[in-house]
Amino acid sequence: MDQAQNTIAGIGGSNEIATVDDSKENLNQVINSNQKTLVLLHQLKLTVSSFTPASQLDLLQRLNSLVMELDNMAKLSDKCNIQVPMEVLNLIDDGKNPDEFTKNVLNNSCIARNQVTKGKTDAFKGLRKHLLEELEQTFPDEVDRYREIRASYAAEAKRLAQSQSVLPNGDAKVKSEL
């Protein structure tokens with residue numbers, strides 16, 4: 001975190017800015033360490049695949065570098081609090097894309113919530129219809145008047161929306177430039 005961010009966090013009396021910046025910095029350090037480890041592993045693979053007794057010192061140096069970087073990564077990871085679901089790790093182990101897990105979780109939860117909301121909406125529509133039928137049997141004149149008022153209100157709302165260049169769903173119409 002740079003001096004300006006430290007100053008802003010200190011003056012504001014809130015450590016939330018510092019915490020967010022620190023966690024981002026820690027995460028970036030872990031990512032950089034991961035990338036460095038991958039480079040070291042690649043170099044080590046090349047050294048091992050073309051090993052000769054003369055390259056033994058180079059092999060030992062690369063092994064030491066890898067061990068030091070893995071130790072550094074372990075220290076950096078203690079500062080990060082990231083939890084990965086086991087299902088994601090299992091997908092990676094199976095050679096699948098972990099984005100599938102996220103997609104499935106979002107799709108399944110959104111679909112389930114949508115079905116619950118649709119069920120509630122349908123239940124309220126059914127209740128409204130049933131109440132109107134019961135009211136119409138008891139108070140036919142009042143229900144007719146109610147329907148007239150609702151129809152005139154809907155027509156007025158439609159006219160108002162058209163005059164204000166607003167779509168029926170509440171979105172504003174945007175004129176395209178030619």
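Biologist: How many salt bridges does this predicted model have?
Modeller: The count comes to six salt bridges in the predicted model.

Biologist: What makes Lys75 and Asp71 a salt bridge?
Modeller: Their closest N and O atoms are 3.3 Å apart. The cut-off is a Lys or Arg side-chain nitrogen within 4 Å of an Asp or Glu carboxyl oxygen, so the pair qualifies.

Biologist: Where do Lys75 and Asp71 lie?
Modeller: Both are in helix α3, four residues apart. That is about one turn of the helix.

Biologist: Why is Lys75 called exposed?
Modeller: Its relative accessible area is 51%. Exposed means over 50%, so Lys75 earns the word.

Biologist: And what makes Asp71 partly exposed?
Modeller: Asp71 has a relative accessible area of 41%. Partly exposed runs between under 20% and over 50%, so Asp71 belongs there.

Biologist: Which residues of α3 are buried?
Modeller: They are Leu59, Leu66, Glu69, Met73 and Leu76. The word buried needs a relative accessible area under 20%.

Biologist: How do you know what span to expect for helix α3?
Modeller: Helix α3 covers residues 56-79, which is 24 residues. At 1.5 Å a residue, 34 Å is expected. From first C-alpha to last, the helix reaches 35 Å, close to that value.

Biologist: What makes Lys118 and Asp122 a salt bridge?
Modeller: Their side chains meet at 3.0 Å, N to O. The limit is within 4 Å, so the name fits. Both residues lie in helix α5 (residues 99-138), four residues apart.

Biologist: Are Lys118 and Asp122 buried or exposed?
Modeller: Lys118 is exposed, at 51%. Asp122 is partly exposed, at 37%.

Biologist: How do you know that Glu156 and Arg159 form a salt bridge?
Modeller: The N to O distance is 2.9 Å. That meets the rule of within 4 Å, so the pair counts. Because they are three residues apart in helix α6 (residues 140-163), about one helical turn separates Glu156 and Arg159.

Biologist: Why is Arg159 called partly exposed?
Modeller: Arg159 has 49% relative accessibility. Exposed needs over 50%, so Arg159 stays partly exposed. Glu156 is partly exposed too, at 43%.

Biologist: What is the predictor's confidence over residues 1-14?
Modeller: pLDDT stays under 50 there. The model has eight contacts beyond four places in sequence for residues 1-14. Where pLDDT is low, the predicted coordinates should not be read in detail.

Biologist: What does the protein chain average?
Modeller: The chain averages a pLDDT of 82, and 81% of the residues score at least 70.

Notes:
Residues are numbered from 1 along each chain as its sequence is written. This is a predicted model: local features need pLDDT of at least 70, side-chain atom pairs count only at pLDDT 80 or more; totals for chains, interfaces and linings use all residues. Side-chain values use heavy atoms; hydrogens and water are left out. Helices (H or I, at least four residues) and strands (E, at least two) are DSSP runs, numbered from the N terminus. The expected span of a helix is 1.5 Å times one less than its number of residues. Buried means under 20% relative accessible area, exposed over 50%, partly exposed in between (1.4 Å probe, protein chains only). pLDDT is the predictor's confidence in each residue, from 0 to 100. Contact means heavy atoms within 4.5 Å.
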